[in-house]
Amino acid sequence: MWSPEREAEVPAGGDPAGLLPPEWEEDEERMSFLFSAFKRSREVNSTDWDSKMGFWAPLVLSHSRRQGVVRLRLRDLQEAFQRKGSVPLGLATVLQDLLRRGELQRESDFMASVDSSWISWGVGVFLLKPLKWTLSNMLGDNKVPAEEVLVAVELLKEKAEEVYRLYQNSPLSSHPVVALSELSTLCVGSCPDERTFYLVLLQLQKEKRVTVLEQNGEKIVKFARGPHAKVSPVNDVDVGVYQLMQSERLLSRKVESLSQEAERCKEEARRACRAGKKQLALRSLKTKQRTEKRIEALHAKLDTVQGILDRIYASQTDQMVFNAYQAGVGALKLSMKDVTVEKAESLVDQIQELCDTQDEVSQTLAGGVTNGLDFDSEELEKELDILLQDTTKEPFDRPDHPHEKFYTNSVPVPRISDAELEAELEKLSLSEGGSIPSSKSPKRQLEPTL
């Protein structure tokens with residue numbers, strides 16, 4: 001990031017991306033204020049302090065994001081933000097405030113925060129803090145030296161996520177273990193230098209998404225299987241698979257080299273034959289045949305190694321499927337823990353009983369309230385038929401005196417003749433010891449009987 005060649009690309013008079021605020025070129029008074037130093041304390045003038053901090057803090061972070069870097073130095077920022085020969089005098093205060101808020105972190109402190117065994121071999125590429133920086137921190141002096149490297153925390157997390165996605169989308173993701181050198185080559189476009197690459201690995205290590213191990217003098221990196229999974233320690237199976245993969249690559253390169261050699265011997269035999277050098281042509285052909293036999297032997301070994309790797313990958317897939325089945329069975333058992341056939345039948349019976357009770361209640365409510373009087377529906381039907389018959393036979397008679405109350409009876413009264421009334425009256429008179437003269441017979445004195 002901070003190599004002389006890269007620094008030479010940064011123009012001394014402004015932002016290399018050309019995305020500075022509008023007032024940078026238009027408002028001289030405003031820029032003079034922003035380029036001035038901060039007061040010793042914010043309490044002196046909080047408005048001026050907050051105005052400057054609100055301008056420079058986002059600008060520093062956005063500048064780093066546009067540059068694609070995660071490591072900052074005060075000296076480089078001062079050079080990047082030069083304006084008409086002037087350097088911002090308050091950038092050190094801005095960096096101190098970003099450090100206090102946790103948006104920046106000292107590179108050495110970040111390295112120390114990651115407990116990893118592989119950091120010991122990575123320390124060599126990082127510059128150790130000068131003694132005066134350590135003493136200043138111990139004495140409470142929070143000034144930022146111009147050469148001290150700071151890390152933009154959020155930008156580093158974004159860079160780590162970018163590298164992880166890059167690995168996941170590459171052929172290297174066929175196995176979680178990969179050589180550090182191969183990973184470094186893959187990340188050249190994302191990590192501009194080796195130090196940034198190591199910081200990214202440290203961040204991934206901090207997030208428990210990678211682990212690094214040294215095996216036979218070579219560093220290997222193991223990635224977590226999923227974006228939200230935690231990486232497991234490197235085991236013997238990982239090392240064995242990694243060695244098989246390395247053997248496959250070595251055999252493939254050897255086969256390619258021998259194939260080129262066999263082609264070269266063939267061309268030499270052709271040239272010797274054209275030149276009439278038969279013996280030389282025969283020697284070249286013999287060399288070609290020996291090379292082809294070696295290629296066949298290497299192909300057999302390569303097929304064996306590839307077959308083993310295919311079986312390993314298949315077994316890993318089978319293991320994943322098995323684990324998924326096992327998890328599914330466990331979840332099903334847990335969900336069916338308190339469910340039995342007897343309980344299910346009892347529950348169905350209870351539901352049916354409740355449904356029957358509800359039907360009975362509904363029928364009772366639909367019948368209404370009778371106030372203690374029970375009516376036979378058949379008798380009511382018969383009475384209704386009689387009323388209908390009487391209505392069809394004769395018109396309805398009203399009383400002679402309309403002012404008198406008129407009552408109707410639901411039961412029809414049969415018509416009785418005068419003769420029947422007189423006969424009935426005579427029976428009543430005889431039963432009482434006397435007689436009543438008929439309206440049609442002459443009057444006569446009734447004699448008492450002895």
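The exercises below work through a predicted model of one protein chain.

**Exercise 1. Describe the chain as a whole: how many helices and strands does it have, and what share of its residues counts as buried?**

Step 1. The chain holds 17 helices and six strands.
Step 2. It has 450 residues, and 28% of them count as buried.
Step 3. Among the contacts with a separation of 6 or more, 67% join residues that are 24 or more positions apart.

**Exercise 2. Follow helix H13 from end to end. What caps its N-terminal end, and what phi does glycine 276 take just after the helix?**

Step 1. H13 covers residues 236-274, which is 39 residues. From its first C-alpha to its last it reaches 57 Å, close to the 57 Å expected at 1.5 Å a residue.
Step 2. The N-terminal end is capped by asparagine 235, which has a side-chain oxygen 3.2 Å from the backbone nitrogen of valine 237.
Step 3. Just after the helix, glycine 276 has a positive phi of about 80°.
Step 4. The buried residues of H13 include Asp238, Tyr242, Leu251, Cys265 and Ala272.

**Exercise 3. Is lysine 222 buried or exposed, and which side chain does its own side chain meet in a polar contact?**

Step 1. Lysine 222 is placed in strand S6, residues 218-223.
Step 2. Buried means under 20% relative accessible area. Lysine 222 has 5% relative accessibility, so it counts as buried.
Step 3. The side chain of lysine 222 makes a polar contact with the side chain of serine 232, at 2.8 Å.
Step 4. A polar atom of the lysine 222 side chain also lies 3.3 Å from the backbone oxygen of proline 233.
Step 5. Leaving aside neighbours within four places in sequence, lysine 222 is in contact with residues including Pro176, Arg209, Thr211, Val231 and Asp238.

**Exercise 4. Take two residues that lysine 222 contacts, threonine 211 and aspartate 238. Where is each one found, and is each buried or exposed?**

Step 1. Threonine 211 is in strand S5, residues 210-215. Its relative accessible area is 18%, so threonine 211 is buried.
Step 2. Setting aside residues up to four places away in sequence, threonine 211 touches Gln205, Ile220, Val221, Lys222, Val231, Ser232 and Val234.
Step 3. Aspartate 238 belongs to helix H13. With a relative accessible area of 7%, aspartate 238 is therefore buried.
Step 4. Outside its neighbours within four places in sequence, aspartate 238 is in contact with His175, Val177, Lys222 and Pro233.
Step 5. Lysine 222 and aspartate 238 are 16 residues apart in sequence, and their C-alpha atoms are 8.4 Å apart in space.

**Exercise 5. Which helix gives the most to the lining of the second largest pocket, and what do the buried residues of H6 pack against?**

Step 1. The second largest pocket has a volume of about 480 Å³.
Step 2. Its lining has 15 residues, and Arg40, Trp49, Ala92, Thr93 and Gln96 lie nearest the centre.
Step 3. By kind, the lining divides into six nonpolar, three polar and six charged residues.
Step 4. Helix H6, residues 91-101, gives the most to this lining, with six residues.
Step 5. In H6, the buried residues are Leu91, Thr93, Val94, Leu95, Asp97, Leu98 and Leu99. They pack against helices H4 and H5 and strands S2 and S3.
Step 6. Glycine 102 follows H6 and has a positive phi, near 85°.

How values were computed
Residues are numbered from 1 along each chain as its sequence is written. This is a predicted model: local features need pLDDT of at least 70, side-chain atom pairs count only at pLDDT 80 or more; totals for chains, interfaces and linings use all residues. Side-chain values use heavy atoms; hydrogens and water are left out. Helices (H or I, at least four residues) and strands (E, at least two) are DSSP runs, numbered from the N terminus. The expected span of a helix is 1.5 Å times one less than its number of residues. Buried means under 20% relative accessible area, exposed over 50%, partly exposed in between (1.4 Å probe, protein chains only). A polar contact is a pair of N or O atoms within 3.5 Å; within protein, one must be able to donate a hydrogen and the other to accept it, and residues adjacent in sequence count only if both atoms are side-chain atoms. On a 1 Å grid over the protein atoms alone, a cavity is a set of points where a 1.4 Å probe fits but cannot get out, and a pocket is an open set with protein on both sides within 12 Å along at least five of seven lines; lining residues have an atom within 4 Å of a point. Grid points are joined across faces, edges and corners, and a volume is the space filled by probe spheres set on the points. Ala, Val, Leu, Ile, Met, Phe, Trp, Tyr, Cys and Pro count as nonpolar, Asp, Glu, Lys and Arg as charged, and the others, Gly among them, as polar. Contact means heavy atoms within 4.5 Å.
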